[in-house]
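Subject: structure handover

Hi,

Here is the structure for you to take over. My notes follow straight after it.

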Amino acid sequence: MRVAFERPSALADIPTHYCPGCTHGIAHRLVAETLEELKVFDRAVGIAPVGCSVLAYNYFDCDMVQAAHGRAPAVATGLKRARPDAVVFTYQGDGDLASIGMAELVHAAARGECITVVFINNAIYGMTGGQMAPTTLLGQHTSTSPAGREPGREGFPIRVCELLERVRGVAYLARIPLTSPANVARARSSVRKAFQTQLEGKGFALVELLSSCPTGWGMPPREALRWVDEVMTEYYPPGEFRTEPGDPGGGPAGKRGSQP
Amino acid sequence: MDELVLMKGNEAVGEAAIRAGCRFFFGYPITPQNEIPEYMSRRLPEVGGVFVQAESELAAINMVYGCAAAGARAMTSSSSPGISLKQEGISYLCGSELPALIVNMIRGGPGLGTIQPAQSDYFQAVKGGGHGDYRVLVYGPASVQEMVDLTYLAVGRADHYRNPVLVLGDGILGQMMEPVRFPAAVDPAGLPEKPWATNGRRGGPKRLLNSLYLEPEKCEDHNRELQAKYCEMAATEKRWETVATEDAELVVVAYGTTARICRTGLEGLRERGVPVGLFRPISLWPFPDEALDALIEGGKVRSLLAVEMSAGQMVEDVRLAARGRVPVHFYGRAGGMVPQPEEIQEHVRALLEGGAANAGGL
Ligand SMILES: Cc1ncc(C[n+]2csc(CCOP(=O)(O)OP(=O)(O)O)c2C)c(N)n1
Ligand code: SF4
């Protein structure tokens, strides 16, 4: 009998606590499959964030370290500097990465740390009960933006890839929604590239996975996926932002020079 | 043992850590300890080590966390405002049981305070500046040589207990130059393996470094284990020095730079036959309470005088050890002001004459 579908051995054989319809599970699977395919599972060390995916340290069967809220890129830096032969990745939500951990993220990127960041953007704080995230969209209702996010009051959502795009030190940068089989296949390829970038010692790599949080958004799973495709991708356009290291250039729009 | 060399306290701390096998430094500049990162940025590459100037103290302590997780001997240093930012990381290091060397060259506070020396971070250091029930070993050296010896010791103790160790200096100790002799260099490659380190499984079992225990029963068990470790530290790690306490009626209690100044002041008084002695805690946590207790039980001591470069912090531990048997007086200077030996002499004299019942310097 042909086996068509299996649990990647890089994932522990235990049930996860994620809500039905949550895309954290898909993201875990993509990372686990990549560790296997690239044959780096045995030297992989993952850094778990604070957020819904904190228990990723139980689900990934490689060595794992749990970090303080937002500090995963700094922890990864220390680990990778001590063991350059380890394959180090962080797995972070939007509050962890783009709010409390923004400084650690941008500076790890600017230092060109050879680490892989898997960024789950679900536009909300899942774990603490659906509060506003730095990536919450304008008009989006959350438990701390009950009237809908309004720029004059709550400010604008942060586009992480667009922000990091011009940071020298970044070698791979992509954003993919985890919504359809085709998109998941694209995400798999991007996750793989983000790990390959590290293996080739090219610099900092980040994949932003546009994810659903049916519980936090108060939507059934299918509607939540549609919302990612139809609403989130409007503000967060998917695609590859960087595929090689090099100087993205600076200066005002229209005059940007880019040197290798 | 090497030759005697003349060295600035801040640089000597860095060299002592390297001698102890530390090859990783993560820090952020702040006066009065900048010579530590500067020295390490120069020196570590010479010995195959790594120096990273972090974007903040928060990042620096978390880099130490990651580096320690990989099994390496790692350190960071800062001064008061920066150490406040490191409290999160110190709590996590304790929770995940990771070793680290942390150096605080204290400056006056609160807030941005001053860049002048102080001892006003004692509470933060010994009572747990971060969240949760945790303890760190805290050493308070009183000379550049002692700072070298205690830093060297701290790196080994940190690994032994899988717990951070804090060396509390101040702006004076960091800036002054004294002759020092360095202990023998430890080769990090020859250190014992750390089976718990997360370096990738490499054929072995999965390792997890974590401080989260969602079930309260498990979190309490974890706390019990931590407390057992802290009890062992409290039982075995107390250090102190006594000077002329055998017949002393008044004993001054002071640590670090202040102890040195007191010693000078007390020597002058002794020459004139005044029965004073000095009790100098070297480990600030655990506080050497039993030794102080024994001194009081000796029956000669009529009162204690705690002297600090703070508004009165260590004095609380002195009072706890004295348990009301003898009066505990306090004299302090704060905000970066350093007491002079003459001030201490005057204060001791007034106390012995029954004058200043509890007149502090503040
Ligand atoms: C210093 C600190 N502040 C706040 C929290 C509480 N907290 C836990 S998870 C979280 C938000 C996580 O949101 P996100 O990163 O978006 O991940 P998600 O849960 O949505 O996957 C917050 C604020 C904490 N644990 N530590
Ligand atoms: S709260 Fe949201 S992010 Fe968290 S597990 Fe549930 S669906 Fe997923």
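Start in chain A, with Ala123(A), in the loop between strand 4 (116-121) and helix 6 (151-154) of chain A. Helices here are DSSP runs of H or I with at least four residues, strands are runs of E with at least two, and both are numbered from the N terminus. Ala123(A) is not a glycine, yet its phi is positive, about 60°.

This is a predicted model: local features need pLDDT of at least 70, side-chain atom pairs count only at pLDDT 80 or more, and totals for chains, interfaces and linings use all residues. Residues are numbered from 1 along each chain as its sequence is written, chains are lettered from A and ligands numbered from 1 in the order in which they are written, and side-chain values use heavy atoms, with hydrogens and water left out.

Ligands

Ligand 1 is surrounded by 16 residues (one heavy atom within 4 Å is enough to count). The closest are Cys52(A), Asp94(A), Asp96(A), Gly126(A) and Met127(A). Polar contacts (N or O pairs within 3.5 Å; within protein, one atom must be able to donate a hydrogen and the other to accept it, and residues adjacent in sequence count only if both atoms are side-chain atoms) involve backbone atoms here:
- Asp96(A): a polar backbone atom is 2.8 Å from an oxygen atom of ligand 1.
- Gly95(A): a backbone N or O atom is 2.9 Å from an oxygen atom of ligand 1.
- Met127(A): a polar backbone atom is 2.9 Å from an oxygen atom of ligand 1.

Around ligand 2 sit Tyr18(A), Cys19(A), Cys22(A), His24(A), Cys52(A), Asn122(A), Gly126(A), Cys213(A), Pro214(A) and Thr215(A). That shell has six nonpolar, four polar and no charged residues. The classes: Ala, Val, Leu, Ile, Met, Phe, Trp, Tyr, Cys and Pro are nonpolar; Asp, Glu, Lys and Arg are charged; the others, Gly among them, are polar.

Chain B against chain A

Contact (heavy atoms within 4.5 Å) involves 34 residues of chain B and 34 residues of chain A. The two chains bury about 2700 Å² between them, 55% of it on carbon and sulfur atoms. Buried area is the accessible area (1.4 Å probe) that two parts lose on being put together, summed over both. On the chain B side, Glu55(B), Arg201(B) and Arg202(B) supply 22% of the area buried, more than any other three residues.

Five salt bridges link chain B and chain A (a side-chain nitrogen of Lys or Arg within 4 Å of a carboxyl oxygen of Asp or Glu). Arg201(B) forms one with Asp61(A), at 3.4 Å from N to O. There are also 18 residue pairs in polar contact between the chains, both residues at pLDDT 80 or more. Strand 2 (24-27), strand 3 (50-53), helix 3 (57-69), helix 4 (80-95) and strand 9 (208-209) of chain B each give two or more residues to the side that touches chain A. Helix 3 of chain B has the largest share, eight residues. By class, this side of chain B has 19 nonpolar, nine polar and six charged residues.

Inside chain B

The assignment, automatic or from a database, splits chain B into domain 1 (5-236) and domain 2 (240-352). Their centres, taken over C-alpha atoms, are 28 Å apart. Domain 1 of chain B brings 33 residues to the contact and domain 2 of chain B brings 25. Together the domains bury about 2300 Å², 55% of it on carbon and sulfur atoms. Gln119(B), Tyr122(B) and Phe123(B) lose the most area in domain 1 of chain B, together 31% of what that side buries.

Three salt bridges cross this domain interface. Arg260(B) also forms a salt bridge with Glu178(B), with the closest N and O atoms 2.4 Å apart. The interface has 15 residue pairs in polar contact, both residues at pLDDT 80 or more.

Over all chains the structure holds 47 salt bridges. Lys127(B) and Asp317(B) form one at 2.6 Å, N to O. Lys127(B) is in the loop between helix 5 and strand 6 of chain B and Asp317(B) is in helix 11 (residues 314-322) of chain B, so the pair ties together parts 190 residues apart in sequence.

Two cis peptide bonds to look at. Thr31(B) to Pro32(B) has omega of about 10°, and Pro32(B) is in the loop between strand 2 and helix 2 (35-43) of chain B. Trp285(B) to Pro286(B) has omega near 0°, and Pro286(B) is in the loop between strand 13 (283-285) and helix 10 (289-297) of chain B.

Best wishes
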